[in-house]
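User: Could you take me through some features of the interior of this model, one question at a time?

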Amino acid sequence: MPYPARVNPHLEQARAHSKAWAYEQDMIDVPQHGTVVWTEHDLDSHDYALLCAYTHPDAGPAELDLITDWYVWVFYFDDHFLELYKRTGDIESARAYLDRLDLFMPAEGEITATPENPVERGLADLWRRTIPHRSAGWRRRFVESTKALLEESLWELANINEGRLANPIEYVEMRRKVGGAPWSANLVEHSVHAEVPAAIAASRAMEVLRDCFADSVHLRNDLFSYQREVQDEGELSNGVLVFEKFLGLTTQEAAEAVNDLITSRLHQFEHTALTEVPALFDEHGVDPAARVATFAYVKGLQDWQSGGHEWHLRSSRYMNEGALASRGGPELGGATGLGTSAARIFGSVLATAPQRMRAYGHTPFETVSPPRPHFEPPFPLRLSPHLEHSRRRNVDWARRTGLLDGVVWDERKLRAADLALCAAGIHPDATADELDVAADWLTWGTYADDYYPVVFGATRDLAAAKVCNERLSRFMPVDGEEPPLPLNPLEAALADLWPRTPNRLEVRRAVDSMTGSWLWELANQAQNRIPDPIDYVEMRRRTFGSDLTMSLARSGAVPPELHRTRPVQALEHTAADYACLLNDVYSYRKEIQFEGELNNGVLVVRNFLDCSEKRAFEVVGDLIHARLAEFRHAADVELPALLRDYDYPPDLLDAYVENLRMWLAGIAHWHEKAGRYTELELGHHPRLGGPTGIGTSSLRISALLPAGR
C-alpha cells in the first residue's frame, strides 16, 4: 500500500448523520419479508462513516454526509439482496426487484415512482441530492456504473444456483461491475469537485486507472471477506476461491497470489498515471485547469485505496482479527504524521520491489523450449471451396502492392503464413470475391503486425509509429474525403483494399483500435517491461485484431440493446481470448527467442507467477480451455435466457453465434496447419542468418518509414 491513509475530521458528524438517515429509510430493525437485514449494532460495528472518512479525507462535512449515505445504501442493498434472493435462489423475483430500481435513477427529469422498500427509498433520496450538481457526462457514467452494480448481482446469483465458479479472466471482468468500485470512482469525482474532462474520460489511460483502482479495491475486499463470503454465505464470487480452484493452490497460497495481483495492479496504476496521462493531456490539448482536476481525481483514487485498506482492518464486517496488532501503528487516534506514514510506505515499496524489478528484468532473445502445442478443434471446421483460387490471387495481390518487399516479408514467408487458409475457415460461406477481401485483410494485418517491430521497434521511435497510424487512418475514408498518395507498401496495400471493403465504419474502428494498441506494445518493448497480466489480456484482444477479423465474417445483426449485455459481451470476449492465448502458445518460440518480444501471454504468466516455462504453458492452456467453456455456457445457457427476458425470438442470434463458432474453428485450424510458427519457417529467420538478415534489411528499412521521419 504505497499511499498514506488520512482521516476526515468530520467523521463523528457523518456517523451521527448516517445513522439517523438509515433509520429514516427503515434500514434498521425493520423486517423485510420477515427478515431483519440490519440491527443498530450491525450498522455501528460496520462503521461505514469510518470507511468514507478514510476514503474521502478532504471532503467537506456536507459532502462526507452525502457520500456516507451512499455507502450505507450500497452495503444495505448488498445485504438486502443476499437475504431475500441469494439465500433463496429466487432469480425471477430478484430480476423484478432490480428492474424497479431503474425507476429511481433517471438521467434526466424527476422521479415519479413511489418507493416500496428501504433500498428504493434510499436510492430516491440520494438521487435527488446528488444528480442536480453534476454534468450530463458524469450523470451518464454514474447511471451506467450504478446499473452495472445492481444488475450484475444476477450473475452472482445465477452462478450460486448452478454451483458454477468463474475462471480468473471472467471473474475480474465481472467483479468490476458487481463490486462497485467504478461506482466509487464516480463518487470520488463528486467529492473532490473535479470531473475528468469528457475529451479523455473514455481514453485507454483513464479506463486503465479506473480498472486498476477497481481491481485493487475488489481483490483486497476478497482477501478480507473470504471467510464471511465463502464459509458463511456460500458465495462463489471471491478471487481467493477462484485462484484456489483454478490454479490448484491451498487457501493461503491463493491469498498470496491474489495479493500479488493487487500489487501488480497498483504498479500498473502508477505506471499509467506517470507515463500515459501526461501524454494524453498533450494529445488532446487539455487545459491547465482540467489537468489539475484530473490529477485531483487520481489522488482521490489513491486516497480511496489506502483508506479502504485501513477500514477493512477495523470493520466487524470482515475477517481481520489481530490484523492491527500484527501490523503495528500508527492507528486511529494514535501516532500519526509524515514519519510514520513514510515508514509504512517505504516498507511497502521494499516488500514489493522484487515483483516490480522482475517485470523489467527479462533478458530478450532467451533460448526457450516450448512443448509442441495441440488443441482439439473447438467446433467443426468448414473450409471455403474457393480456397485454392484465393491462395493464388492473394500472392499476386501482395506482390502487386509491394508487401513482398524483402525487408519485412518475401514470398516464402507469405506462403508459409497461408492467410487464405485462415480466411477460408473463418468465412467458409463467402463468395470468391468476399474470400479474397478477407484473405487480403488478414494478409495486410499480419504484414503490419510484423512491420511495426521491424521498422519502429528496433529504433524505439514511437513518434514515427504514431505518425504512421495517423496516415493509415486517412486511407480509410468513410465520409468521402480524399486519401493521400501512398508512400510505402503498407499504405499502398491499404489504399487498394479499402474500396473493396464492406462494413467500412466498423472496420475502420477496428483497424484504428488495433494499430493504436501496437503503440502500447512498442512502449513495453522500449521500456523492457513485461505487462501486468490483466492489462495484457485486455490489450491483447486489440493487438491481435480480434474485432477486425470477426468483422470480416460477421452476419446476423445484434440489436444494440442486446450487444451491450453481459452474455453477448461474454461471447465476444471469450472467443477473442481463446484465439489470442492460442496464438501466444503457438508463437511463443518465434516471439521470445527470435524476436525478443515481451508481449506474450505465456511470458506474462511466467513473470507474474514466477514459475517455470512448463507451468506457464499449463496455466495458459487451462485459460484457453476455460474461456472456451465459458463461451459455450454463454451461448447455450445465458443467451437463450437473455432472449426470453427481452421477448425476442429464440433463434434471433443463431447466425451471429454460428459465425463466432466458425471464427474459432478457423483460427484454431490455421494455427495447427499454417507454417508461420513451424521449425522449418523459424530456420529462415534473420537471427539465424536467413536470406533477409538484419545487416541487409536495416539498410532498406528507411524506405518503409512514413513521410517526414
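The exchange below concerns a predicted model and turns to burial, contacts and helix ends.

User: Is helix α9 largely enclosed or not, and how many of its residues are buried?
Analyst: Helix α9 spans residues 168-179, and its buried residues include charged ones by name, among them E170, E173, R175 and R176, alongside I169, V172 and V178. Because the buried residues make up most of its length, the helix is largely enclosed by the rest of the structure, the count being ten of the twelve.

User: Which residue contributes a side-chain oxygen at the start of α9?
Analyst: Just after the helix, G180 takes a positive phi of about 90°. At the start of α9, the backbone nitrogen of I169 lies within 3.2 Å of a side-chain oxygen, and that oxygen belongs to N167.

User: What is the nearest side chain of opposite charge to E591, and how far away is it?
Analyst: E591 is found in helix α29, residues 566-594, and touches N583, G596, E597, N599 and N600, leaving out residues up to four places away in sequence. E591 is buried yet has no salt bridge, for which the cut-off is 4 Å. The nearest side chain of opposite charge is that of R540, at 4.9 Å.

User: Is S390 buried or exposed?
Analyst: S390 lies in helix α19, residues 387-401, and, leaving aside neighbours within four places in sequence, is in contact with A420, L435, D436 and A439. Its relative accessibility is 1%, and the limit for this class is under 20%, so S390 counts as buried.

Conventions
Residues numbered from 1 in each chain as written. Predicted model: local features only at pLDDT ≥ 70, side-chain atom pairs only at ≥ 80, totals over all residues. Heavy atoms only, no water. Buried < 20%, exposed > 50% of the residue type's maximum accessible area, 1.4 Å probe, protein only. Helix = DSSP H or I, 4+ residues; strand = E, 2+ residues; numbered from the N terminus. Polar contact = N/O pair within 3.5 Å; in protein donor to acceptor, adjacent residues only side chain to side chain. Lys, Arg positive; Asp, Glu negative; His and termini not counted. Contact = heavy atoms within 4.5 Å.
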